Amino acid sequence: MRILFIHFAVLFTFCLCSNIPSSVLELNEKFVEVKNEGMWFIEFYAPWCAHCKRLHPVWDQVGHTLADTNLPIRVGKLDCTRFPSVPNSLGINGYPTLIFFRNGKRIDYRGSRERDALVSFAKRCAAPTIEKITRRQLDKVKLDSRTDPSFIFYGKPSGAEYEKFQEISNKMFSLVRFYSLSEDKENQEGFKTRICVLKDNAEFEFVGNVEELEHWVNRERWPGFVAASSANLAEIGASGKLVVLAVSNELEKYNTSSEIQKFHSLVESASKELRKDRKLWERFQFAWLDGSDLASQIQMTTIKAPHLFVFNYTTYEYYLTEDEPQKMTKNSILVFLKQLAESVDKGTVVAFGGRDLFTRIKRMVFEFYWNIAQMFATQPLLSSCLFGVPIAFLSIICYSICSADFSVDRDEFYPDDEDPLLDDEEESEKEDEEEYDENHEKAE
Ligand SMILES: *[C@@H]1O[C@H](CO)[C@@H](O)[C@H](O)[C@H]1NC(C)=O
Ligand SMILES: *[C@@H]1O[C@H](CO)[C@@H](O)[C@H](O)[C@H]1NC(C)=O
């Protein structure tokens, strides 16, 4: 009997466990005690927050994907309204906040909230800061580097160059991957100690002083023609380059009969050509935007794809070309950039936008109207209710106030012979009594 009971209990627990489909752990305040042990990727959320609601299904996918990789990463989420001590102790004040804990080291995530970006971030965070690879593994690294650039140190892992490489990787391992490859056959001909970046289906070597390495890594960590969004534009701008932004479209860029596709591949070829001119390459970073919203907000006017402009993130200034996007060629883009670089140096350039007070106010007003317009465009019914109902109420109130008859005699409200300070109740009682008396008399 007892054995049967235990069997039943085991079976029951087993069912309970296997019934939970999510690989995302729901955490509580005890998390603070275990966060320094192992790898955690945690979403701190509040149930009322709309961004969090949108993230939850993506977060479940992140949990599943990381569970499949067999990496020792635990994915979890924590309701900050139920356990406020945890976000307080971590200094969290926005939702959702995504943090990776690597054996106690905290790495905040600030990139886009798409599954692939989140998964590759977690993988980078979990990997060794510099991963040692063999010649055979190099091909796979090269394949992965087509979308996510990687830095690779060829040679014996020692010396000043390697130390610098290590120092940079300790700072930046959550942003980009670092590898080292040393070989027995190091002394063979053609093998030289060097640092390279693998990206855009090619390998580019670092040339220069070790001191410049960090700056170089910062400039080279993006693909040549990177997809930009509001989530990563600041980081792309931090590369210290001017960003050449092409307004394109994620779907249309594959549609061979679309103008956007032609424009997109034209700008892409210009970005490849830019590589050949080292001076220009060090000044410009090509990127493309899916849709024109961000471009419109930067320029404070309605932009339509295809469109091209150059953006300085630090000053929020942008530069425009006189060429029509339809008439641009690879050469005309490069000539424009060359001239722009020269006139920036000379200080003769005409910049639009900026961060001065007037422009900031203008941008705020524009963004306000823009957001309302967006609301109507995406959710017309809800927006109509949201704005229509209060407006309707207001108009009814206005109408009743305006059409009300104010010509009544003031005496009607405060008869002279009565004390205006008299309580309303007493007054009405008095009136009632009088009325009653009158009626009573009449009846008699
Ligand atoms: C942006 O503009 C500022 C001020 O003109 C300048 O100092 C800075 O170098 C520019 N940024 C880039 C990436 O050129
Ligand atoms: C491709 O682009 C053409 C021209 O802009 C458009 O008419 C067509 O609907 C597009 N096709 C798809 C599948 O989006």
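This section describes a five-stranded sheet, two ligand sites and several unusual backbone features in a predicted model.

The sheet is open and consists of 5 strands in the order β6-β8-β7-β9-β10, with mixed pairing. Its edges are formed by β6 and β10, the latter spanning residues 202–205. Each of these edge strands has a single partner, so one side of each is left without a neighbour in the sheet. In the given order, β8 stands between β6 and β7, and its pairing with both strands can be described in turn.

Strand β6, made up of residues 131–132, pairs with β8 in the parallel sense over 2 bridges. Within this pairing, Lys132 is placed opposite Ser180 of β8. Strand β7, residues 150–154, is also parallel to β8, and 5 bridges link the two. Here Ile152 is the residue that stands opposite Tyr179 of β8. The connection from β7 to β8 runs through helix α7 (residues 159–172), giving a β-α-β crossover that is right-handed.

Strand β8 itself covers residues 177–181, and 5 of its 5 residues are buried; the strand is therefore largely enclosed by the rest of the structure. The burial applies to both faces. Arg177, Tyr179 and Leu181 lie on one side, Phe178 and Ser180 lie on the other, and all of them are buried. Two of the residues named in the pairings thus recur here: Ser180, opposite Lys132, and Tyr179, opposite Ile152.

On the other side of β7 in the strand order is β9, which comprises residues 194–199 and contains Lys199. Lys199 is buried, since its relative accessible area of 1% falls under the 20% cut-off. The side chain of Lys199 has polar partners in both a side chain and the backbone. It makes a polar contact of 2.9 Å with the side chain of Glu220. In addition, a polar atom of the Lys199 side chain lies 2.7 Å from the backbone oxygen of Trp222.

The loop between β9 and β10 holds Asp200. This residue is not a glycine, yet its phi is positive, at about 50 degrees. Asp200 is partly exposed, with a relative accessible area of 31%. A positive phi, about 60 degrees, is also found at Tyr316, again not a glycine. Tyr316 is located in the loop between β14 and β15, the latter being residues 317–320. With a relative accessible area of 19%, Tyr316 counts as buried, because the cut-off is under 20%.

Cis peptide bonds occur before two prolines, Pro96 and Pro306. The bond that joins Tyr95 to Pro96 has an omega of about -10 degrees. Pro96 belongs to the loop between α4 (85–90) and β4 (97–102). For the bond from Ala305 to Pro306, omega is near -5 degrees. Pro306 is placed in the loop that runs between α12 (293–299) and β14 (307–312).

Two ligand sites were examined. Around ligand 1 are Gly240, Lys241, Leu242, Asn312, Thr314 and Thr315. Among these, Asn312 has a side-chain N or O atom 2.3 Å from an oxygen atom of the ligand. Ligand 1 taken alone exposes 360 Å², of which the protein buries 48%. Sorted by class, the shell of ligand 1 consists of 1 nonpolar, 4 polar and 1 charged residues.

The surroundings of ligand 2 are formed by Glu252, Asn255, Ser257 and Ser258. The side chain of Asn255 has an N or O atom 2.4 Å from an oxygen atom of ligand 2. For the side chain of Ser257, the corresponding distance from a ligand oxygen to an N or O atom is 3.5 Å. On its own, ligand 2 has 360 Å² of accessible area, and the protein covers 31% of this. The shell of ligand 2 contains no nonpolar residues, with 3 polar and 1 charged residues present.

Terms used: Residues numbered from 1 in each chain as written. Chains lettered and ligands numbered in written order. Predicted model: local features only at pLDDT ≥ 70, side-chain atom pairs only at ≥ 80, totals over all residues. Heavy atoms only, no water. Buried < 20%, exposed > 50% of the residue type's maximum accessible area, 1.4 Å probe, protein only. Helix = DSSP H or I, 4+ residues; strand = E, 2+ residues; numbered from the N terminus. Pairing = 2+ DSSP bridges. Right-handed = clockwise from strand over helix to strand, strands pointing away. Near = heavy atom within 4 Å. Polar contact = N/O pair within 3.5 Å; in protein donor to acceptor, adjacent residues only side chain to side chain. Areas by Shrake-Rupley, 256 points an atom, 1.4 Å probe, with all protein chains shown as cover. Nonpolar A, V, L, I, M, F, W, Y, C, P; charged D, E, K, R; others polar.
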